[in-house]
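Hi,

Here is the structure I promised to hand over. Have a look at the sequence and the model first, and my notes follow below.

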Amino acid sequence: MTKDLLVFESVSHAYGEQRVIDDMRFTLQDGEIGCLLGSSGCGKTTVLRCIAGFEPVASGAIRLGGRLLAGDGVSVPAHEREIGMVFQDYALFPHLNVEDNVGFGLSALPRAERRARVAAMLDLVGLGAEARRYPHELSGGQQQRVALARALAPRPRLLLLDEPFSNLDVDLRERLGREVRDILKHEGVSAILVTHDQHEAFAVADKVGVMQGGRLLQWATPYTLYHEPAERFVADFIGQGVLVPGGVTAPRCLSMELGEFCGLLPLGFATGDDVDVLLRPDDVVHDDASPVQATVVARVFRGADFLYTLALPSGQRVLSQVASHHDHALGEPIGIRLELDHLIAFKRQ
Ligand SMILES: Nc1ncnc2c1ncn2[C@@H]1O[C@H](COP(=O)(O)OP(=O)(O)OP(=O)(O)O)[C@@H](O)[C@H]1O
């Protein structure tokens, strides 16, 4: 049975007059990895700082495992919140070796217990052989693993990770992201990750929250965000796709340049509504037999497939993902059709 761990209840925060978190609500279940995703300055780090206890909340409440951490005149000091943190720049102590870094927060434990916990944490992150090395003798990825081991050692109830992989190169970022997910799941530790990298969010997190200008637009699984974006911004921000114009011609029937589609439009639209329809590259299928032709205006070879940008007769652009043996030149017309199993549409204002 799932249990609420972190509950964010209508939290707002301002730096002076500037409101940077606006009535934000979400719940992280016990054992879940959540991610806050958004572009620079949208307030992600401020949310983490409020959870960690480095910033007060202006209104609302934050609870962890049923305990009120902040709000209603309460503010539990940061060191009493049972929360661990991992930062972008690792923040290791340069004068301590790896095992002393990892054991730093364990001074209350008896010596033997502390040594055992440090050894277990180093094994967990695959750095048992590096225990006596100093941070400057390690690669960036190894340093981040030490930071993770140090944060997990005191058995926090929640781990906060602020852009933990952004100083690493792309390959390592992906690998470490998967590793960190496996480690957190193995230890049963819940976490909140902050990133502006959508691939990272999808690879690591169970739930992702898309933020814009201090607001949380949607908090959902990566699958739901991709297939059922709740707002136009989320549709645009998550994955690749183009919003194309269409009109509702009958109940649940939509007409657009690429044809008429009935039965797929969600409820909530009225005949006569003008809408924008989200078309993902995998919705637009290359088919030589199709009467609908589009012209290749840009192409990116991605190994397994091409991502074509195509112009419809009206000039409207769409993206199409096509298997890589279909090699078409710029300017060439190709047949396309839509293959939709559901429709995402937004009413045009
Ligand atoms: N200590 C501060 N005092 C005043 N304003 C701040 C402070 N920290 C952040 N801000 C402002 O609050 C807003 C949100 O900042 P925050 O760091 O939370 O965003 P972010 O989404 O984490 O951005 P990034 O991805 O660039 O780190 C920004 O406009 C920022 O300029």
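To start with a small puzzle: through how many residues does a hairpin join β13 to β14? The hairpin that joins β13 to β14 does so through two residues.

Before the rest, two words on the ground rules. This is a predicted model, in which local features need pLDDT of at least 70 and side-chain atom pairs count only at pLDDT 80 or more, while totals for chains, interfaces and linings use all residues. Residues are numbered from 1 along each chain as its sequence is written.

**The chain as a whole**

The protein chain has eight helices and 21 strands (DSSP runs numbered from the N terminus, with H or I over at least four residues for helices and E over at least two for strands). Its C-alpha trace spans about 75 × 50 × 40 Å along the principal axes. Of its 349 residues, 33% count as buried (20 or more other C-beta atoms within 10 Å of a residue's own; 12 or fewer makes it exposed, anything in between partly exposed, with C-beta atoms placed from the backbone). Taking contacts between residues at least 6 apart in sequence, 63% join residues at least 24 apart (a contact means that the two C-beta atoms, placed from the backbone, lie within 7 Å).

The domain assignment splits the protein chain into domain 1 (4-236) and domain 2 (241-347), with bounds that come from an automatic or database assignment. Their centres, taken over C-alpha atoms, are separated by 38 Å. Where the two meet, four residues of domain 1 are in contact with six residues of domain 2. The side of domain 1 that touches domain 2 has two nonpolar, one polar and one charged residues (Ala, Val, Leu, Ile, Met, Phe, Trp, Tyr, Cys and Pro count as nonpolar, Asp, Glu, Lys and Arg as charged, and the others, Gly among them, as polar).

**The sheet around β13**

Back to the strands of the opening puzzle. An open sheet of five strands runs in the order β14-β13-β12-β15-β21, with antiparallel pairing (two strands pair if DSSP finds at least two bridges between them). At its edges are β14 (259-262) and β21 (345-347), each pairing on one side only. From one strand to the next the twist averages 35 degrees (axes are lines fitted to C-alpha atoms, and angles run from 0 to 180 degrees between N-to-C directions).

Strand β13 (residues 253-256) is joined by four bridges to β12 (residues 242-250), and the two run antiparallel. Among the partners across this pair, V248 is matched with L254 and A250 with C253. β12 and β13 form a hairpin with two residues between them, and R252 in that turn has a positive phi of about 65 degrees. β13 also pairs with β14 over four bridges, again in the antiparallel sense, and there S255 stands opposite E260. Side chains alternate along β13: L254 and M256 point to one face and are buried, while C253 and S255 point to the other and are not.

**The ligand site and α1**

Around the ligand you will find Y15, V20, G38, S40, G41, C42, G43, K44, T45, T46 and H196 (each has its C-beta atom, placed from the backbone, within 6 Å of the ligand). By class, this shell has three nonpolar, seven polar and one charged residues. Helix α1 (residues 44-52) gives the most to the shell, with three residues. The buried residues of α1 are K44, T45, V47, L48, C50 and I51. Just after α1, G53 takes a positive phi of about 100 degrees.

**Two charged residues to look at**

K207 lies in strand β10 (residues 207-212). It counts as buried because it has 21 C-beta neighbours inside 10 Å. K207 and G34 are 173 residues apart in sequence, yet 4.8 Å apart in space, C-alpha to C-alpha. Leaving out residues up to four places away in sequence, K207 touches E32, G34, W219, A220 and T221.

R337 lies in strand β20 (residues 333-338). With 16 C-beta neighbours inside 10 Å, R337 counts as partly exposed. Its C-alpha atom is separated by 8.8 Å from that of Q293, 44 residues away along the chain. R337 touches V285, D287, S290 and V292, again not counting residues up to four places away in sequence.

Happy browsing, and best wishes
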